[in-house]
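Student: I've just opened this one up and I'd like to get my bearings. Can we go through it together, one question at a time?

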Amino acid sequence: KMHVPLDEHLHTDECNKIIKELQRCHDQMSLFRQFFGACNQLDFEMRKCTKKERLAARDANKEDALDRQKKMADTAKKYKGKDWRDILKEKEEELKKEAGI
């Protein structure tokens, strides 16, 4: 299985350090030595680090989604039983009052 893109701007400093070490290992070791696991430990560390980043991003996105859902539910409760036309009229009236018309 291939790993995620290893571009620097996509990862934390911690992961970038491991990625650079892995790339250096690949440059310095022959393909024969790589085949027998010369760089495997760095590869495992890189995958562990990128997984940690991905899980942190997932958790942050989940929190944001829950906040948005709560806000939408609160808004829906506020307008329960009203048609969109009624809501639009109320908004227009509020704007007229604010503008002093």
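Student: Which handedness does the link of Cys25 and Cys39 have?
Tutor: Keep in mind that we're looking at a predicted model. Cys25 and Cys39 form a disulfide, with 1.9 Å between their sulfur atoms. The angle about that S-S bond is -90 degrees, and the link is left-handed.

Student: Where in the chain do the two ends of that pair sit, Cys25 and Cys39?
Tutor: The two cysteines are 14 residues apart, and their link ties together distant parts of the chain. Cys25 belongs to helix α1, while Cys39 lies in the loop between α2 (31-35) and α3.

Student: Is Cys39 buried or exposed?
Tutor: Buried means under 20% relative accessible area. Its partner Cys25 comes in at 10%, so Cys25 meets that cut-off. Cys39 has 4% relative accessibility, so Cys39 is buried.

Student: How many disulfides are there by this rule?
Tutor: Besides the link of Cys25 and Cys39, a disulfide joins Cys15 to Cys49, with an S to S distance of 1.8 Å. The cut-off for such a pair is sulfur atoms within 2.5 Å. By that rule the count is two.

Student: Why is the disulfide of Cys15 and Cys49 called left-handed or right-handed?
Tutor: Look at the torsion about the S-S bond of Cys15 and Cys49. The disulfide is left-handed because that torsion is about -100 degrees.

Student: Which helices does the pair of Cys15 and Cys49 link?
Tutor: This pair also spans distant parts of the chain, with 34 residues from one cysteine to the other. Both ends are buried: Cys15 at 1% relative accessible area and Cys49 at 4%. Cys15 is in helix α1 (residues 13-28) and Cys49 is in helix α3.

Student: What is the pairing of the bonded cysteines, numbered in sequence order?
Tutor: One disulfide joins Cys15 to Cys49, and Cys25 and Cys39 form another. Number these bonded cysteines along the chain and the pairing reads 1-4, 2-3.

Student: Which residues does Thr50 touch, leaving out those up to four places away in sequence?
Tutor: Thr50 is found in helix α3, which covers residues 40-78. Thr50 has a relative accessible area of 11%, so it's buried. With those sequence neighbours left out, the residues Thr50 touches are Val4, His11 and Cys15.

Student: What about the surface: which residues make the nonpolar patch of about 450 Å²?
Tutor: Start with Phe35, which is in helix α2. Phe35 has a relative accessible area of 67%, so it counts as exposed. The patch is made by Phe32, Phe35 and Phe36.

Terms used
Residues numbered from 1 in each chain as written. Predicted model: local features only at pLDDT ≥ 70, side-chain atom pairs only at ≥ 80, totals over all residues. Heavy atoms only, no water. Helix = DSSP H or I, 4+ residues; strand = E, 2+ residues; numbered from the N terminus. Buried < 20%, exposed > 50% of the residue type's maximum accessible area, 1.4 Å probe, protein only. Contact = heavy atoms within 4.5 Å. Patch = residues over 30% accessible without salt bridge, like charges linked within 9 Å, V, L, I, M, F, W, Y side chains within 5 Å. Areas by Shrake-Rupley, 256 points an atom, 1.4 Å probe, with all protein chains shown as cover. Salt bridge = Lys/Arg side-chain N within 4 Å of Asp/Glu carboxyl O.
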